[in-house]
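Me: I would like to go through this structure and ask what its descriptions rest on. Please set each value against its criterion.

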Protein chains: 2
Amino acid sequence: MEVDLETVRTVVAVAEEGQFQVAAQELGVSQQAVSKRVAALEAELGVRLFTRVPRGARLTLDGQAFLPHAKAVLRALEKATASVRPGRRPLRVDVMGTRVMTAGLLQDFHRAHPEVALDVVALGAAGKAVLAAVRDGSLDAAFWARRIPEDQLPPGVRSERVVDEPILLVTGTGHPLAGADAVTPADLAGHRIRMPGLGQGTEWGAYYGELADDFGLDIDVAGPNFGADHLLQTVADSATVATFMGPRTPLAYPAGLELRMIPVHRPTPVYPHSLLRRDDNPHPGLAALRAHLLRAYSEPRGSDTWVPAWAR
Amino acid sequence: MEVDLETVRTVVAVAEEGQFQVAAQELGVSQQAVSKRVAALEAELGVRLFTRVPRGARLTLDGQAFLPHAKAVLRALEKATASVRPGRRPLRVDVMGTRVMTAGLLQDFHRAHPEVALDVVALGAAGKAVLAAVRDGSLDAAFWARRIPEDQLPPGVRSERVVDEPILLVTGTGHPLAGADAVTPADLAGHRIRMPGLGQGTEWGAYYGELADDFGLDIDVAGPNFGADHLLQTVADSATVATFMGPRTPLAYPAGLELRMIPVHRPTPVYPHSLLRRDDNPHPGLAALRAHLLRAYSEPRGSDTWVPAWAR
DNA sequence: TCCTCGTACAACCGGTGGTTGTACGGCGGC
DNA sequence: GCCGCCGTACAACCACCGGTTGTACGAGGA
């Protein structure tokens with residue numbers, strides 16, 4: 001069947017206007033074109049849809065039966081195009097398996113832009129798979145830290161460093177560094193720092209591994225992870241064990257837990273979040289996210305920061 | 001929006017096959033054509049629907065959102081075309097305001113062709129209006145008795161004499177003619193015959209009026225009509241009043257009513273039913289109706305019949 | 001009877017959508 | 001690791017579909 005939509009629209013217009021001529025000028029074509037279209041559709045369907053009377057055209061019984069279906073087709077088409085109107089769909093963002101810090105960024109964004117529906121996922125996949133997911137459109141965006149030369153990214157995919165997030169030292173009140181206003185990475189040598197659950201294979205594990213190597217720190221990234229609450233409880237109770245945390249990490253830790261959050265400087269180890277996206281993705285939420293990140297986190301990008309070698 | 005259905009079909013095919021090439025040969029076009037169509041639709045919608053991978057194409061998130069709507073459009077179109085498939089719709093037949101005799105013909109037809117859905121109406125309209133209704137497609141067919149020269153019918157409308165229905169005399173048991181096997185019209189002179197409810201303006205009224213004139217009968221077509229039951233009761237109870245009836249008139253008259261049904265001959269007054277229809281109406285029920293009438297009622301079309309002058 | 005209004009038919013024409021031919025890029029086999 | 005295969009995108013060309021203008025025809029209304 002060769003029914004085309006312009007013809008269906010024409011039939012509806014004629015039925016509603018009652019004349020070919022009026023329908024024609026409503027559609028912006030000549031009366032003859034309307035006549036042709038209707039005649040072609042009638043031939044295609046094998047029935048007469050309109051009866052031509054001196055003052056216009058009226059629907060036959062078959063036309064009356066057809067009309068609501070024709071309108072349904074147009075409505076369905078309308079819905080189809082609406083279904084992909086940019087912004088209609090939640091923005092799907094991956095946070096690379098480690099929700100802790102990145103989720104804080106997204107919570108911030110959500111507070112600032114509640115109109116953007118978010119679909120936050122943690123694929124738990126390797127960098128390559130995430131890259132592929134962004135390229136093939138099953139993700140709108142992903143956070144990662146890796147720096148890849150532009151020409152090694154798939155065409156159409158861009159990786160942009162949007163946030164340098166400084167990390168904080170978290171200690172209990174009994175810790176020797178608990179009273180410091182700030183510490184340097186060198187100060188941390190000899191102290192035990194626990195970042196459980198980060199295997200060496202993960203980006204975060206690699207990050208802290210290199211941080212430990214560069215400054216001679218004792219960071220245990222391999223230990224078992226009993227959850228953030230447990231970790232913070234351990235830190236609060238201990239005079240020797242500390243941990244790191246992002247400043248915006250959304251943690252509702254147990255009330256009454258006495259913890260110290262101490263900035264690290266000279267240099268400030270920052271975690272470099274890059275936003276991975278297709279440059280032709282028209283989702284307005286994506287543009288909003290990018291703008292928000294660049295605007296809100298443009299502060300500490302000073303020279304006195306540290307990032308791992310693989311992110312430089 | 002210039003979305004065309006062939007493109008929507010293409011998108012569905014590509015989504016289901018996973019490759020442009022396979023979809024192309026399924027649709028009977030070249031791969032390049034498929035590529036063009038998809039690209040055009042993507043440009044039109046402003047989003048990428050497919051991600052091109054080495055082994056074919058996969059839906060993006062937008063594509064996944066679009067696909068069910070695309071299928072809905074095609075289903076709606078399918079239903080639209082199905083809605084006018086000839087025979088899908090009940091056959092709409094007019095019996096010209098007088099159901100009695102013609103309804104019998106249609107009951108016969110319905111018994112023979114139960115698969116044809118019927119929509120029997122009695123517009124109660126003048127011949128001209130019925131003619132217009134048939135011409136403009138708001139009736140599939142109409143029964144009438146008038147004979148009109150072919151060239152005075154609107155183009156596309158045909159009037160065909162399909163049934164000559166003989167009329168029967170109905171009397172009570174006390175009527176002087178009650179014992180006759182058959183009567184002639186001349187025999188009826190001097191007897192009172194009641195055909196209530198038929199004004200002179202109606203076809204039936206004109207029929208009996210002319211019958212009365214031709215044979216000097218006393219036919220009262222103007223009296224008040226209290227319904228067929230009342231009329232038959234009157235006839236059954238009377239030794240002088242008779243009435244006419246079609247042999248197939250569907251009457252469930254009160255049980256125990258003693259009536260005589262007497263054929264009329266030399267000549268036999270027949271009521272000439274013509275079937276009015278458009279010759280381009282493809283409804284299969286219409287063809288079946290016409291064939292049924294011509295086949296089932298081809299008997300008494302002998303020379304010894306009487307029809308009014310305006311039907312000759 | 002004439003005029004007006006509205007649709008159908010004819011001839012012409014331009015643009016859309018097809019085709020073939022070719023380039024390019026990624027994966028898998030040798 | 002290189003080459004060949006497979007699959008899509010781009011370019012050039014062309015036919016045909018769908019539009020336009022011009023005109024005929026039929027039916028009501030004044």
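Me: Which residue is the bridge partner of B:Leu168 in β11(B)?

Reply: The partner is B:Pro263. The model is a predicted one, and the pairing is computed from it.

Me: What makes β7 and β11 of chain B a strand pair?

Reply: Two strands pair if at least two bridges are found between them. Strand β7 (residues 168-172) of chain B is joined to β11(B) by 5 bridges, so the criterion of at least two bridges is met. The two strands run antiparallel.

Me: How do you know that β7 of chain A pairs with β10 of chain A?

Reply: By the same kind of count: 3 bridges join β7 (residues 168-172) of chain A to β10 (residues 241-245) of chain A, and because at least two are required, they pair. These strands run antiparallel. A:Leu168 stands opposite A:Met245 in β10(A).

Me: Why are β9 and β11 of chain B called edge strands?

Reply: The open sheet in chain B has 5 strands in the order β9-β8-β10-β7-β11, with mixed pairing. Its β9 (218-220) and β11 (259-263) each have a single partner strand, so one side of each lacks a neighbour in the sheet. The twist averages 35° from one strand to the next.

Me: What is the strand order of the open sheet in chain A, and which strands stand at its edges?

Reply: The order is β9-β8-β10-β7-β11, again 5 strands with mixed pairing. At the edges stand β9 (218-220) and β11 (259-263) of chain A; each has a single partner strand, so one side of each is without a neighbour in the sheet. Neighbouring strands are turned by 35° against each other on average, direction ignored.

Me: What makes a residue count as near DNA strand D, and how many residues surround that strand?

Reply: The C-beta atom, placed from the backbone, has to lie within 6 Å of the strand. For DNA strand D, 21 residues surround it, the closest being A:Ser30, A:Ala33, B:Phe20, B:Gln21 and B:Ser35. At least two residues each come from α3 (31-45) of chain A and from α2 (20-27), α3 (31-45) and β2 (56-59) of chain B. By class there are 7 nonpolar, 8 polar and 6 charged residues.

Me: Which elements supply the surface near DNA strand C?

Reply: α2 (20-27), α3 and β2 (56-59) of chain A, together with α3 of chain B, each supply at least two residues. DNA strand C is surrounded by 21 residues, with A:Phe20, A:Gln21, A:Ser35, B:Ser30 and B:Ala33 the closest. This surface has 7 nonpolar, 8 polar and 6 charged residues.

Conventions. Residues are numbered from 1 along each chain as its sequence is written. Chains are lettered from A and ligands numbered from 1 in the order in which they are written. This is a predicted model: local features need pLDDT of at least 70, side-chain atom pairs count only at pLDDT 80 or more; totals for chains, interfaces and linings use all residues. Helices (H or I, at least four residues) and strands (E, at least two) are DSSP runs, numbered from the N terminus. Axes are lines fitted to C-alpha atoms, for helices over the stretch in contact, and angles run from 0 to 180 degrees between N-to-C directions. Ala, Val, Leu, Ile, Met, Phe, Trp, Tyr, Cys and Pro count as nonpolar, Asp, Glu, Lys and Arg as charged, and the others, Gly among them, as polar.
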